[in-house]
Amino acid sequence: MSNADHQDGWTRVRGRLRAEVGDDVYSSWFARMDLEAIEDGAVRLSVPTRFLKSWIQSHYAERVLACWQAEDTKVGRIELIVRSAVLRTTVAPTRKPEVAAGGNDGGNRFNSNNNGRPISVGDPGVHEALGGSPLDARLSFDSFVVGRSNTLAHAAAKQVAAARRTDPVMFNPLYIHAGVGLGKTHLLQAITWAGNAAGERKVLYLTAEKFMYGFVSSLRTQTALAFKEALRGIGVLVIDDLQFLQGKSTQAEFCHTLNALIDAGRQVVIASDRPPSDLESLDDRVRSRLAGGLVVEMGSLGEELRFEILKVRVMAARAYHPTFDVPLPVLAYIAKTVTHNGRDLEGALNRLLAHNKLTGHAVTLEMAEREVRDLIRPQEPKRVKIEDIQRVVARQYNVSRSDLLSSRRTANVVRPRQVAMYLAKTLTLRSLPEIGRRFGGRDHTTVLHAVRKIEGLVGNDMALAEEIEILKRQLQE
Ligand code: ADP
Ligand code: MG
């Protein structure tokens with residue numbers, strides 16, 4: 001066959017590949033693959049970087065071979081080589097190509113260095129090329145307030161930031177999840193600042209979007225090498241808002257990066273609004289890798305913590321606005337009423353500051369009430385499950401859950417059962433018949449009776465009222 005025939009064959013193979021893997025994957029991985037030669041049943045293909053080569057070898061070697069064999073049955077194997085300027089001009093003719101026998105060159109994915117000059121992440125050009133996300137100088141450990149809901153996450157973050165290059169990696173990845181405005185970004189940026197200030201290990205902070213953009217675009221613009229080299233220089237990779245990672249090929253790239261970094265003993269830190277098990281679009285292997293490190297949840301900000309955060313924020317604001325003074329009762333009022341999340345707390349203080357600056361009026365409780373009114377939201381009811389209510393009530397009153405569901409009518413079971421039904425009515429959106437059904441198939445009038453009974457009692461019986469408060473708190477935490 002002539003060279004032109006080969007090229008025609010190659011065009012058809014590419015078409016086949018594209019049809020099989022889809023446009024997205026095709027353009028990520030195969031767009032820059034060239035046919036070099038066909039000799040003795042071996043097809044030699046080249047790609048511009050070792051990273052691409054390694055990726056294609058480990059993920060698509062058989063596919064590529066099958067596409068060739070569908071075109072030309074005489075093809076027995078595929079050889080994948082890295083083409084570079086050097087390889088082309090001087091080495092190529094004599095050099096034996098590296099054979100893609102479907103294997104992979106595991107550990108060396110992030111360690112190869114064609115030009116011998118390490119690229120530093122600190123280099124702003126590279127940092128930009130990687131899409132390193134901008135950092136907010138205010139989000140440091142100093143301004144992060146530790147409370148019950150974030151103690152563990154904070155301790156783990158501190159540990160990561162302080163670890164030295166030679167220290168064994170204790171948990172990898174560190175995976176922090178929490179709802180909106182509960183301090184994930186703050187903690188991740190604190191790690192980044194502190195880690196980079198210590199100078200021991202380079203810390204790169206990327207939002208998931210930047211990760212996708214930096215990675216995908218660098219592959220497409222021939223800078224996969226630079227990207228890989230920069231990753232090589234990274235001690236800690238921090239990825240924020242992982243839930244935004246979208247698309248099959250991006251996720252494959254993410255998985256590859258994650259594995260390569262972890263296998264090379266680099267630290268990975270991830271934040272997301274949900275636990276790994278709820279990242280529905282990720283495949284099982286990635287999910288289990290994510291769950292294999294330390295997974296920490298940060299709970300909602302309690303009133304005390306909100307109060308402390310506000311105090312820290314006022315102190316910080318005073319550095320720029322020395323006359324800004326917020327009486328403690330005002331902070332306590334905001335902490336109590338603006339419950340939603342850290343962003344609303346910040347918003348509330350900004351209103352007070354703006355008002356104070358623009359009108360010159362001192363900050364008072366009246367002013368605060370007026371200014372933050374629209375930030376006061378009814379507490380978002382946490383979704384409480386009936387099973388949880390039954391479990392917690394049974395434990396509190398030292399009866400079993402089946403006692404609660406049974407038809408027994410002894411006093412030591414009747415009262416806890418009524419309390420549990422009452423809680424089910426007040427803490428969930430379930431209807432009376434539904435609640436009855438969940439309590440051993442009782443009639444809705446029985447439930448109504450229980451609810452009224454307890455409502456009547458809590459008005460007079462302080463001890464019972466307190467018990468119920470405690471139960472509610474346990475359930476809503
Ligand atoms: P997330 O990334 O979880 O949505 P952020 O980290 O952006 O939340 O936090 C929202 C706001 O609340 C920020 O202004 C942040 O500084 C503040 N915040 C949240 N938790 C804390 C905390 N523990 N200490 C100090 N500030 C906090
Ligand atoms: Mg965030």
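Trainee: What makes the Gly183 backbone a polar contact of ligand 1?

Mentor: A polar contact is a pair of N or O atoms within 3.5 Å. A backbone N or O atom of Gly183 is 3.1 Å from an oxygen atom of ligand 1, so the pair meets that cut-off. Bear in mind that this is a predicted model, where local features need pLDDT of at least 70, side-chain atom pairs count only at pLDDT 80 or more, and totals for chains, interfaces and linings use all residues. Residues are numbered from 1 along each chain as written, chains are lettered from A and ligands numbered from 1 in the order written, and side-chain values use heavy atoms, leaving out hydrogens and water.

Trainee: Which side-chain atom of His186 comes into play, and at what distance from ligand 1?

Mentor: A polar one, 2.7 Å from an oxygen atom of the ligand. Arg313 joins in too, with a side-chain N or O atom 2.7 Å from a ligand oxygen.

Trainee: How do you know how much of ligand 1 the protein covers?

Mentor: Take the 550 Å² of accessible area that ligand 1 has on its own: the protein covers 95% of it. Those areas come from the Shrake-Rupley method with a 1.4 Å probe.

Trainee: What makes a residue count as near ligand 1?

Mentor: One of its heavy atoms must lie within 4 Å. Here 18 residues surround the ligand, with Val145, Gly181, His186, Arg313 and Arg343 the closest.

Trainee: Why is the peptide bond from Asn172 to Pro173 worth a look?

Mentor: Because most peptide bonds are trans. This one is cis, with omega near -5 degrees.

Trainee: And what is special about phi of Asp40?

Mentor: Phi is near 45 degrees, a positive value in a residue other than glycine. Most residues other than glycine have a negative phi.

Terms used. Polar contact = N/O pair within 3.5 Å; in protein donor to acceptor, adjacent residues only side chain to side chain.
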